[in-house]
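Visitor: I am new to this structure and would like to learn how to read it, one feature at a time. Could we begin with a single residue and then move on to helices?

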Amino acid sequence: MKYVIKITVFLFMVSCGSAKVAELGSETAKKGEEVSQRAIDLYRSLSKQSEIEKAQRDRVKILTNPNPASMTIPDTKPQDFSEQIEKRIIAYRQLLEAYEYFEQLTDKKYSEKTEELGGALQESYNALEQLPDLPDEAASKLGSLLKKITEASQAKKIKEHSLVFHHLTEVYHILWEKEKAIWNAYLDRVYDDYIAELNTVKSQRYDAKKILELYDFPYSDEAVIILFYRLEQREKIVAHKKELVEQLNDVGEMLQELSTAHEKLAEKKITVSDILQALKEIENLLKDE
Amino acid sequence: MNNDREELLKIALAGAIGEFSTNRAAILELAFASGGQEAVQKLESEYDVLRDAYFEILKRQLDRNNHLYGQLIKAANEEVENLKTSIKQVNNINDIIQLISTVINLVGRILIVLGI
C-alpha cells in the first residue's frame with residue numbers, strides 16, 4: 001500500500017507537468033501551422049510579382065516613350081521566379097504537415113481515452129463474480145492512474161519531437177534570413193524602379209479633369225492636381241512594397257520564436273513563461289498583417 | 001563566377017538600372033532625337049537586358065540554396081513519419097488496456113460456460 005501511494009504521488013507530480021507539456025505543445029503546434037501557412041502565402045504573393053513587374057514595365061514604356069503614336073505595343077518578358085518559389089513552397093508545406101502531426105501527438109484524446117478504458121477495464125474485472133471486486137479507493141483511481149501513465153508517455157514524446165522541431169525551424173529560419181536580402185533586392189527592382197520611372201513621366205501626359213473624376217482633390221490648379229495624383233500613386237506603390245517587406249521580416253522573426261519555443265519545450269524542466277512569451281510574440285506578429 | 005565578383009556585378013547592375021530609371025524619360029528623349037523610335041526601342045531592349053541580368057543573378061543566388069531546401073523537405077518528411085510512429089505508440093497503451101478488458105471479458109464468459 002505504501003508503494004502504491006508513493007507511485008500515485010509520483011505519477012501525480014509527473015502528470016501535472018505532463019499535462020502542461022501537452023498543452024504548450026499543442027499551442028506551439030498550432031502556431032507552427034500558422035507560421036508555415038504564412039510563409040506559403042507570402043511565397044504566393046512573391047510569385048505574383050512577376051506579373052505585376054511585367055505590367056508596370058509595359059505601362060512605363062508607354063508613358064515615357066517620346067512618341068507613343070509610333071511605338072509598337074510593349075510586351076516585356078516576365079521575370080519568372082516560379083521554379084525557385086515552388087521549391088520553397090514545398091518545403092513549407094512539408095513543415096506544415098509535420099506540425100499537423102505534432103498537433104495530433106499533443107491531443108488530450110489519448111489520455112482521456114485511457115481514463116475511459118480504465119473504467120471499462122474495472123467494470124470487466126468486477127463483472128467476474130468469482131473474483132472479489134476492486135476496493136472502492138483503487139477502483140476510483142484506476143482510470144486516472146492509467147491516464148497519468150499515458151500523459152507521461154505523451155509528454156516524453158512531445159519533448160523529443162520538440163527538440164527535432166527546434167533544429168528544423170532553426171534551419172528554416174537561417175535560410176529565410178539568408179534569402180530575405182535577395183527578395184528585398186527583387187522588390188527594390190520591382191517597386192523602387194517603377195516609382196523612379198513614373199517620376200520621369202511628363203506632367204502633360206496626365207489629364208487633370210480625368211483625375212478629378214477619380215479623386216476628390218480640393219484644388220483648382222491643374223499642376224497641383226496632377227502632382228497630388230502622382231503623390232497618391234507613389235504612396236500606393238510604397239505601401240504595397242512595405243507590406244511585402246514587413247511580411248518578409250515577420251516570418252523570419254516568427255520562425256526564430258518558434259525555434260525558441262521548441263527549444264524551451266524540449267528542456268527537461270520547462271520554463272512555462274519563456275514558452276508563453278515566444279508564443280505571444282508569434283501571435284502579435286501574426287496579427288500584424 | 002565567384003560570389004564576390006557576382007555581388008560586385010549585382011551592385012554595378014543595380015547602379016546602372018537605378019541611373020536609367022531616375023532619368024528614363026530624358027534619356028529616351030535624347031535617343032529619339034538622335035535616332036527616332038528605332039533608337040528608343042534599342043535602348044529599351046538594352047535596358048531590359050540589364051534587368052534580365054540582374055534578375056538572373058538573384059535566381060542563381062536562390063538556386064544555390066535549392067539543395068538545402070531538398071534536405072529540409074527530406075528532414076521534415078522524416079519527422080512526419082517519426083511522429084506517426086510516436087502517435088501510434090502513445091495510442092498503444094490504450095490498445096493494451098482494451099486488450100486486457102477483452103481478455104477479462106473472455107475469461108468471464110468461459111467461467112460462466114464452465115459453470116465454475
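Guide: Let us begin with A:N284, which is partly exposed, because 13 other C-beta atoms lie within 10 Å, and a residue needs 20 or more of them to be called buried. Please keep in mind throughout that this is a predicted model.

Visitor: Where is A:N284 placed, and how far is A:N284 from A:M254 in space?

Guide: A:N284 has its place in helix α7 of chain A. Although A:N284 and A:M254 are 30 residues apart in sequence, their C-alpha atoms are 9.6 Å apart in space.

Visitor: How should I read the way in which two helices pack, and at what angle do α6(A) and α7(A) pack?

Guide: Two packed helices are described by the angle between their axes and by the distance between those axes. In this structure, helix α6 (residues 222–266) of chain A packs with helix α7 (residues 272–287) of chain A at an angle of about 160 degrees, and their axes are 9 Å apart. That angle makes α6(A) roughly antiparallel to α7(A), since angles over 145 degrees are counted in this way. The crossing in which α6(A) passes α7(A) is left-handed.

Visitor: Is A:A261, in helix α6 of chain A, buried or exposed?

Guide: A:A261 counts as buried, because it has 28 C-beta neighbours inside 10 Å. A:A261 also shows how sequence and space can be read side by side, for A:A261 and A:L163 are 98 residues apart in sequence while their C-alpha atoms are 9.9 Å apart.

Visitor: Which secondary structure does chain A have as a whole?

Guide: Chain A comes to seven helices and zero strands, so that, in the order of the sequence, its pattern reads α-α-α-α-α-α-α. Of its 289 residues, 34% count as buried.

Visitor: What about A:Q122, and how far is A:Q122 from A:K48?

Guide: A:Q122 is found in helix α3 (residues 109–127) of chain A, and A:Q122 is buried because 21 other C-beta atoms lie within 10 Å. The C-alpha atoms of A:Q122 and A:K48 are separated by 61 Å, with these positions 74 residues apart along the chain.

Visitor: How do I judge whether the span of a helix agrees with its number of residues, taking α2(A) as the case?

Guide: One sets the expected span beside the distance between the end C-alpha atoms, and for the 24 residues of α2(A), at 1.5 Å a residue, both come to 34 Å, which agrees. The buried residues of α2(A) include A:Q84, A:R88, A:Y92, A:L95, A:Y99 and A:F102.

Visitor: And what does helix α2 of chain B span between its end C-alpha atoms?

Guide: Helix α2 (residues 24–63) of chain B spans only 32 Å between its end C-alpha atoms, whereas a straight helix of 40 residues would span 58 Å at 1.5 Å a residue. In α2(B) there is a kink of about 135 degrees, and this kink is centred on B:G35. Among the buried residues of α2(B) are B:L28, B:V40, B:E44, B:Y54 and B:F55.

Visitor: How does α1(B) pack with α2(B)?

Guide: Helix α1 (residues 3–22) of chain B and α2(B) pack at an angle of about 150 degrees, with their axes 10 Å apart, and they are therefore roughly antiparallel to each other. Here, α1(B) passes α2(B) in a left-handed crossing. Within helix α1 of chain B we find B:S21, which counts as buried because it has 22 C-beta neighbours inside 10 Å. The C-alpha atoms of B:S21 and B:S86, which are 65 residues apart along the chain, are separated by 57 Å.

Visitor: To finish, at what angle do α2(A) and α3(B) pack?

Guide: Helix α2 (residues 82–105) of chain A packs with helix α3 (residues 66–114) of chain B at an angle of about 15 degrees, and their axes are 9 Å apart. That makes α2(A) roughly parallel to α3(B), and α2(A) passes α3(B) in a left-handed crossing. Sorted by class, the contact of α2(A) with α3(B) has 15 nonpolar, five polar and five charged residues.

Terms used: Residues numbered from 1 in each chain as written. Chains lettered and ligands numbered in written order. Predicted model: local features only at pLDDT ≥ 70, side-chain atom pairs only at ≥ 80, totals over all residues. Axes fitted to C-alpha atoms, helices over the stretch in contact; angles between N-to-C directions. Helix = DSSP H or I, 4+ residues; strand = E, 2+ residues; numbered from the N terminus. Parallel < 35°, antiparallel > 145°, perpendicular 65-115°, else oblique. Left-handed = near helix turned anticlockwise from the far one by under 90°. Nonpolar A, V, L, I, M, F, W, Y, C, P; charged D, E, K, R; others polar. Expected span 1.5 Å × (residues − 1). Bend = angle between axes of the 7 residues up to and from the residue. Buried ≥ 20, exposed ≤ 12 C-beta atoms within 10 Å, placed from the backbone.
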